[in-house]
Amino acid sequence: MKVVIIGGVAGGASAAARLRRLDENAEIVILERSGYVSYANCGLPYYVGGVIADKGKLTLQTPESFRARFAIDVRVRHEAIAIDRAAQTVTVRALDDGRTYAEHYDRLVLSPGAHAIVPNLPGVDSSRLFTLRTVEDAFAVHDAVERIGTRRATVVGGGFIGLEMAENLAERGLDVVLIQRDSHVLPILDEDMAALAHNTLREHGIDLRLNTNVTGFEETEAGISTHLEGQPSIESELVVLSVGVAPDSSLARAAGLELGLRGSIRVDDHMRTNDPFIYAVGDAVESTHAVTGAPALIALAGPANKQGRIAADNICGIDRRFTGSQGSSVLKLFDLTIAATGLTAKAAATAGIDADSVVLSPANHATYYPGSESLVLKVLFERAGARIIGAQAIGGAGVDKRIDVLATAIRAGMDANDLAELDLAYAPPYSSAKDPVNMAGFIIQNIVEGRVRHLDWERALADTESLLLDTRTTGEYQRGTVQESTHIPLDELRERLDEIPRDRRINVFCQSGLRSYIACRILAQHGFDVANVDGGYGFYEQTMLDRRVQTREVGDCGVPA
């Protein structure tokens, strides 16, 4: 059996290695258009930033190492330009000398990936404008920074690559402007959670421009101008364009293969196209969202590697199925870790899911053990049945751990009761006896079982008919509160019930939402109509006032430990 694989990196290289492990006699050929067959795509921004100093570290496998270990014929700088499905051949162009030839296959695996989107704007062909998708792209940006002596850079687009490039360029000492067309960066986050990323970007000197449209680019004597709609142009020495990626499916389209969402290659759960001899994997394929069951495009390394393995299994006669992806991802942004899995509130609404969410700010480990850090955790659940459908977390240590647990819970179809019962590892340096994931389960239980009502800050501030009650200590209240709020510390609440009107709803907050929940339970059992405000004053500061709050050595109640 001869298997030809078009494209390496994650999906193609994974398929090739798995094929060899399953079939020592198969003839395996990888055709890779770039000069690198298997490289650390996600590490490219860190090479530009100098965190990865040795460019050789970006290469995971070379043609020589593939041949030595796996007996695989890897041909870099060989571009597949056509597929003849009837003859089962691929027409290949050798980029170094321009010759073309036909390569026969018994099975073909397409792993072309995705290409950076370059909008049709004036000046996008400037030599000072870069995208970042391949090793060659990273070398070009790195060399430009050093060659030009760049002092100022403009990054267009606030997704993963945009934020990582903004961070790494800033860490190199450049003045960085980050332009985002939408109201917040990172579409994996809801707008309230993204506000925490905005605060960090600004705190580290990034000039963040939200709700800003780029209309074109123009080279100048000193560099390049980025023209904006309704705003003065931005002057810099270089521009990194990072406005998203699109499936690279032109070869599949020309071959008459069935396409799906946004021109992606449509495959079944065996990773097989509508041609039984052709498989496709990675960023170019349409997959299934594991939460909604709807078609989705999820361009991440994890799913691509799994898909490559599954395609290889099926080629070798093993019935293996890809059951979808939920987009679990994590990002470093200066001193923050940002992670998410499953649906955002916007995505849930688009999918027609009646969803709700809770926000909590627990410590990553026991606060009596030195070095604790609080994190902000948002967990989304389906109102009917409290099934967990999404989660977002931002903070320091422990963020990735909680998102990984919640990703597993989502994949397993768990609900709030399951979260509350999860038996998670505990020791003071690592967690609390009630892990943040357990705490999220407890909070959702209380909501769905009717023990407390809750609302977010946007609704709380818009609800002018209700009384806003601050239950923090006097010292906390004096350092800042929400305008028009009434202050009664939690520990004085029972003795001061007569100060609270019984003909109005009481929206209660504290620093994190924990003390205000206790206040809600007290008030509800004394006949008051109450609701707890999600996230507390700490979340209000971060999302409404655009400022960071203390996170180190802070208890779950929001008070310094």
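Biologist: Leaving aside neighbours within four places in sequence, which residues is Leu189 in contact with?
Modeller: This is a predicted model. Neighbours within four places in sequence are left aside here. Leu189 then touches His184, Ala194, Thr344 and Gln392, and also Ile338, Ala340 and Ile394.

Biologist: Which residues touch the most other members of the largest nonpolar core?
Modeller: Nonpolar side chains tend to be buried together in soluble globular proteins. The largest nonpolar core here holds 55 residues. Helix H4 (residues 135-148) gives the largest share of this core, six residues. Those touching the most other members are Leu169, Leu189 and Trp457.

Biologist: How many residues are in the other core?
Modeller: This other core lies apart from the largest one. Among its members are Ile28, Val109, Val285 and Phe322. Its count is 46 residues.

Biologist: How many disulfides does a search of the whole structure find?
Modeller: A disulfide needs two cysteine sulfur atoms within 2.5 Å. Take Cys520, which is buried, with a relative accessible area of 1%. The closest cysteine sulfur, in Cys510, is 9.2 Å from the sulfur of Cys520, so that pair is too far for a bond. Across the whole structure, the search finds zero.

Biologist: In the open sheet E15-E16-E17, which are the edge strands?
Modeller: Three strands form this sheet in the order E15-E16-E17, with antiparallel pairing. An edge strand pairs on one side only. That gives strand E15 (214-219) and strand E17 (231-236).

Biologist: What is the bridge partner of Thr226 in E17?
Modeller: Strand E16 covers residues 224-228. Four bridges join E16 to E17, and the two run antiparallel. The partner of Thr226 in E17 is Ile234.

How values were computed: Residues numbered from 1 in each chain as written. Predicted model: local features only at pLDDT ≥ 70, side-chain atom pairs only at ≥ 80, totals over all residues. Heavy atoms only, no water. Buried < 20%, exposed > 50% of the residue type's maximum accessible area, 1.4 Å probe, protein only. Pairing = 2+ DSSP bridges. Core = buried A, V, L, I, M, F, W, Y, C linked by side-chain atoms within 4.5 Å. Contact = heavy atoms within 4.5 Å.
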